[in-house]
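Thank you all for making time this morning. I would like to walk through one structure with you, going slowly for anyone who has not seen it before.

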2 protein chains.
Amino acid sequence: MYSKSEENYLKAIYHLEAIAKHGVSTNAIAGEMETKPSSVTDMVKKLADKGLVNYVKYKGTTLTEKGKKAALGVVRKHRIWEVFLLETLDFQWDEVHDIAEQLEHIKSQELINRLDKFLDYPDYDPHGDPIPDKNGNIKSAEKKLLAELKKGNQGQLVGVRETSPDFLQFLDKRSIAIGSKIKVLGKEFFDGSMVIQVQGEQFFISKKIAENLYIHI
Amino acid sequence: MYSKSEENYLKAIYHLEAIAKHGVSTNAIAGEMETKPSSVTDMVKKLADKGLVNYVKYKGTTLTEKGKKAALGVVRKHRIWEVFLLETLDFQWDEVHDIAEQLEHIKSQELINRLDKFLDYPDYDPHGDPIPDKNGNIKSAEKKLLAELKKGNQGQLVGVRETSPDFLQFLDKRSIAIGSKIKVLGKEFFDGSMVIQVQGEQFFISKKIAENLYIHI
DNA sequence: ATAATTTTTTAGATAAGACTAACTTTTTAT
DNA sequence: ATAAAAAGTTAGTCTTATCTAAAAAATTAT
């Protein structure tokens, strides 16, 4: 279908669109892709010719519907492979990205669908990002940081930001894991620390901890 | 490490060496790779510069130790992925090759080792070909066709050559599967047909059937 | 043994994707 | 409002891996 390079550009533009909202700049794409702006210009022209992006000279680039669909296909593959690497092969959080970056370009719809089934149709990847379905639909809301929640809010732990052994051990010791239901019992204005409830147990956590846990409400 | 293309050439030369034995011809490589001989000449020169093959103009190409090790690495990856696709994702025999052809180029030693562990260190792929270990050692003998065995010989079914639904159903009905122990009770010189014993039961099979079953003695 | 055929190599061309350097447009600052 | 800076584009080059066409070497046939 599309080349590895084209797929990577589409993915980069997709991610940047979520932040920029007003047409993605050539420089931004170059930053994300770790290439030079001139290379980006060449590629977005090519993608525009294929109907995957809207490109206006000097103005910026946006995905067309076709381009968005293609980008979501790559995102879906990336996130499903990440789940596989972590859940099935027991990789560490920080090891999966580079490998998923390669695996996401394997050409086979059937492969990803079977993998999805094998993993029992996960909704989120290990970073808490939602996995688009076969048709490119993302059912679920975007994740929030635990630190953003208020007293009384509750949700489900869907991912972590920090992946250092120290931090992961901290969570392990308290049996806080992906999928855990977390409720904010109290929040200190002074330092942002919290008292949370996880499976019946209560814990005091600092703001720094709360800023590294992704939650879905 | 090496490019996808380089890996494919190394693998092709490895497979051809097993048959040709006397230095692989440029045309043979071109046939295997589905490229033109001139492309092969270019590539084997490049591989020779990297110390991966011995190349003598007009004479042929052989793998160096370094090249053989690299080729075995690719073969190992290919075969482990094939096991994964068949055993874990329930693909059909004939669907796995093209996908494994892509997956074998994923750069990560750790990935393949973890996959190997997950699959419980298989010795053979679904076609009955032995899987090299981490160090490139192939413990086991090469497979033989059941048709090559003589009366009284016995072995284990390690793979099939034909993968048509008709043939696979034929085996299924008789509970003949990978791993089955097969003994040749009789063999007809006239047409090569056989009487075999599989898990206590006896079956009459034609030469055509026997030519599509791979056995390890 | 020499001619015909086949195999292999060389030379030059092409496409994809990236780069540098120079130039143009847009944005920012005075 | 215009000069300076930043952002973006163009033109031309490079690398990898291919190809075609022509030339050279090796093999086969008479």
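**Aromatic rings, charges and a helix pair**

What you have in front of you is a predicted model, and I will begin with the rings, where Trp81(A), Phe84(A), Trp81(B) and Phe84(B) are linked by ring pairs into a cluster. Counted over all chains, there are five aromatic pairs. One of them joins Trp81(A) to Trp81(B) in an edge-to-face arrangement, with 6.2 Å from centre to centre and 90 degrees between the planes. This pair crosses between chains, since Trp81(A) belongs to helix 4 (residues 65–88) of chain A and Trp81(B) to helix 4 (residues 65–88) of chain B. Are these two tryptophans, Trp81(A) and Trp81(B), buried or exposed? Both Trp81(A) and Trp81(B) are buried.

Let me turn to charges over rings, where Arg114(A) places its charged end over the ring of Phe91(B), 4.5 Å from the ring centre, while the charged end of Arg174(A) sits over the ring of Phe170(A), at 3.8 Å from its centre.

Finally, please look at chain B, where helix 1 (residues 4–20) packs against helix 3 (residues 37–49) at an angle of about 95 degrees, the axes being 11 Å apart. Because of that angle, helix 1 of chain B is roughly perpendicular to helix 3 of chain B. On the side of helix 1 of chain B, the residues making the contact include Tyr9(B), Leu10(B) and Ile13(B), and helix 3 of chain B contributes, among others, Val40(B), Met43(B) and Leu47(B). Taken together, the residues of this contact divide into seven nonpolar, two polar and two charged.

Key. Residues are numbered from 1 along each chain as its sequence is written. Chains are lettered from A and ligands numbered from 1 in the order in which they are written. This is a predicted model: local features need pLDDT of at least 70, side-chain atom pairs count only at pLDDT 80 or more; totals for chains, interfaces and linings use all residues. Side-chain values use heavy atoms; hydrogens and water are left out. Rings of Phe, Tyr and Trp (its six-membered ring) pair if their centres lie within 6.5 Å; planes under 30 degrees apart count as stacked, over 60 as edge-to-face and the rest as tilted. Helices (H or I, at least four residues) and strands (E, at least two) are DSSP runs, numbered from the N terminus. Buried means under 20% relative accessible area, exposed over 50%, partly exposed in between (1.4 Å probe, protein chains only). A charge sits over a ring if NZ of Lys or CZ of Arg is within 6 Å of the ring centre and within 35 degrees of the ring normal. Axes are lines fitted to C-alpha atoms, for helices over the stretch in contact, and angles run from 0 to 180 degrees between N-to-C directions. Angles under 35 degrees count as roughly parallel, over 145 as roughly antiparallel, 65 to 115 as roughly perpendicular and the rest as oblique. Contact means heavy atoms within 4.5 Å. Ala, Val, Leu, Ile, Met, Phe, Trp, Tyr, Cys and Pro count as nonpolar, Asp, Glu, Lys and Arg as charged, and the others, Gly among them, as polar.
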